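Colleague: I would like a close look at a single part of this model. Please take it slowly and keep the sentences short.

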Amino acid sequence: MSPAVSTAGPNVLILGIGNVLWADEGFGVRVIEEIAARYHFGPHVRVLDGGTQGIYLVDHIRWADVLVVFDAIDYGLAPGTLKLVEGDAVPRFMGAKKMSLHQTGFQEVLAMADLMGDYPDHLLLVGVQPLELEDFGGSLRPEVKAKIVPAIQAARGFLDRFGLEWQPVRDLVEQRVQDVPHPSLSMGLYESGRPSAEEACRIGDARVLAARGRD
């Protein structure tokens with residue numbers, strides 16, 4: 001039996017998944033960060049940084065009647081391209097070209113929710129084609145970062161049909177009630193605190209790579 005629906009409207013989960021440590025892989029989380037910085041919602045809406053939690057997200061999925069997921073997806077398109085996928089096609093795109101462990105994990109989450117009889121009635125994937133995934137500690141590339149606001153606008157267009165109210169955030173108390181990234185992981189601090197390439201190797205320690213080459 002599906003969870004009870006709030007009298008204020010359907011239960012809506014706005015979810016970002018990905019890993020901020022691997023450049024464009026963090027797109028979904030950065031979209032959630034931006035939404036939480038700008039907007040506040042009623043009790044029937046959850047804004048969630050799902051990170052790479054995988055199967056641990058299943059209870060959130062089961063709760064949701066409406067699910068919007070933001071992620072970096074390899075569609076085989078030009079870097080920075082946004083592509084929206086709805087309904088039953090979403091699981092297929094989440095794993096069509098796996099880029100990280102969380103994508104297969106999220107397919108399993110959706111399948112588990114379905115088996116338990118609590119699959120969302122409405123599902124939207126807002127995916128962006130990444131440019132760079134191998135830069136450990138790197139941030140979003142400009143082509144991908146530029147799609148944060150358009151991704152939010154696309155989600156708003158989808159959620160408008162359910163009467164969702166996007167209330168502007170006016171103080172930090174409102175902002176922090178959302179289950180979103182810790183302020184220490186904000187994109188501004190993350191980018192400004194990163195060591196230079198000379199101070200920290202970003203693709204693997206050259207000494208280790210050299211040693212492996214002698215094996």
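Is Arg38 buried, partly exposed or exposed? Please start there, then walk me through helix 1 and what surrounds the topic.

Modeller: A word of caution before the answer: this is a predicted model. Arg38 has a relative accessibility of 36%, so it counts as partly exposed. Buried would need a value under 20%, and exposed a value over 50%.

Now look at the partner of Arg38. Arg38 forms a salt bridge with Glu34. Their closest N and O atoms are 2.7 Å apart. Glu34 is partly exposed too, because its relative accessibility is 25%. Arg38 and Glu34 are four residues apart in helix 1, so about one helical turn separates them. Side chains of opposite charge can pair when their charged atoms come close.

Helix 1 holds another such pair. Arg30 forms a salt bridge with Glu33, and the closest N and O atoms are 2.7 Å apart. These two residues are three apart in helix 1, again about one turn. What about cover? Arg30 has only to be checked against the cut-off: at 4% relative accessibility, it counts as buried.

Next, the helix itself. Helix 1 runs over residues 27-38. Its twelve residues should span 16 Å at 1.5 Å a residue. The end C-alpha atoms are 17 Å apart, which agrees. Arg30 has company among the buried residues of helix 1, which include Phe27, Val29, Val31, Ile32, Ile35 and Ala36. Gly28 is buried as well.

Two of these names come up again in the largest nonpolar core. That core has 28 residues. Phe27 and Ile35 are among the members that touch the most other members, along with Ile14, Phe41, Phe70 and Leu159. Helix 1 is one of the elements that each supply at least two residues of this core. Strand 1, strand 3, strand 4, strand 6 and helix 6 do so too. Helix 6 gives the most, with six residues. In soluble globular proteins, nonpolar side chains tend to be buried together.

Follow Leu159 for a moment. Beyond its neighbours within four places in sequence, Leu159 is in contact with Val12, Ile14, Val66, Val68, Leu164 and Trp166. There is also a second, separate core of 23 residues, which includes Leu13, Leu48, Leu110 and Leu125.

For contrast, turn to helix 2, residues 58-63. Asp59 forms a salt bridge with Arg62, with the closest N and O atoms 3.9 Å apart. Both lie in helix 2, three residues apart. Asp59 is exposed at 52%, while Arg62 is partly exposed at 24%. Shared partners join Asp59, Arg62 and Asp118 into one network of salt bridges.

The loop before helix 2, after strand 3, holds Tyr56. Tyr56 is exposed, with a relative accessible area of 68%. With Ile55, Met112, Leu115 and Met116, Tyr56 forms a nonpolar patch on the surface. The patch has about 560 Å² of accessible area together.

Last, the whole chain. It has nine helices and seven strands. The structure holds six salt bridges. Of the 215 residues, 43% count as buried. Among contacts between residues at least 6 apart in sequence, 80% join residues at least 24 apart. The chain exposes about 10900 Å², and carbon and sulfur atoms supply 55% of it.

Definitions and conventions: Residues numbered from 1 in each chain as written. Predicted model: local features only at pLDDT ≥ 70, side-chain atom pairs only at ≥ 80, totals over all residues. Heavy atoms only, no water. Salt bridge = Lys/Arg side-chain N within 4 Å of Asp/Glu carboxyl O. Buried < 20%, exposed > 50% of the residue type's maximum accessible area, 1.4 Å probe, protein only. Contact = heavy atoms within 4.5 Å. Areas by Shrake-Rupley, 256 points an atom, 1.4 Å probe, with all protein chains shown as cover. Expected span 1.5 Å × (residues − 1). Patch = residues over 30% accessible without salt bridge, like charges linked within 9 Å, V, L, I, M, F, W, Y side chains within 5 Å. Core = buried A, V, L, I, M, F, W, Y, C linked by side-chain atoms within 4.5 Å.
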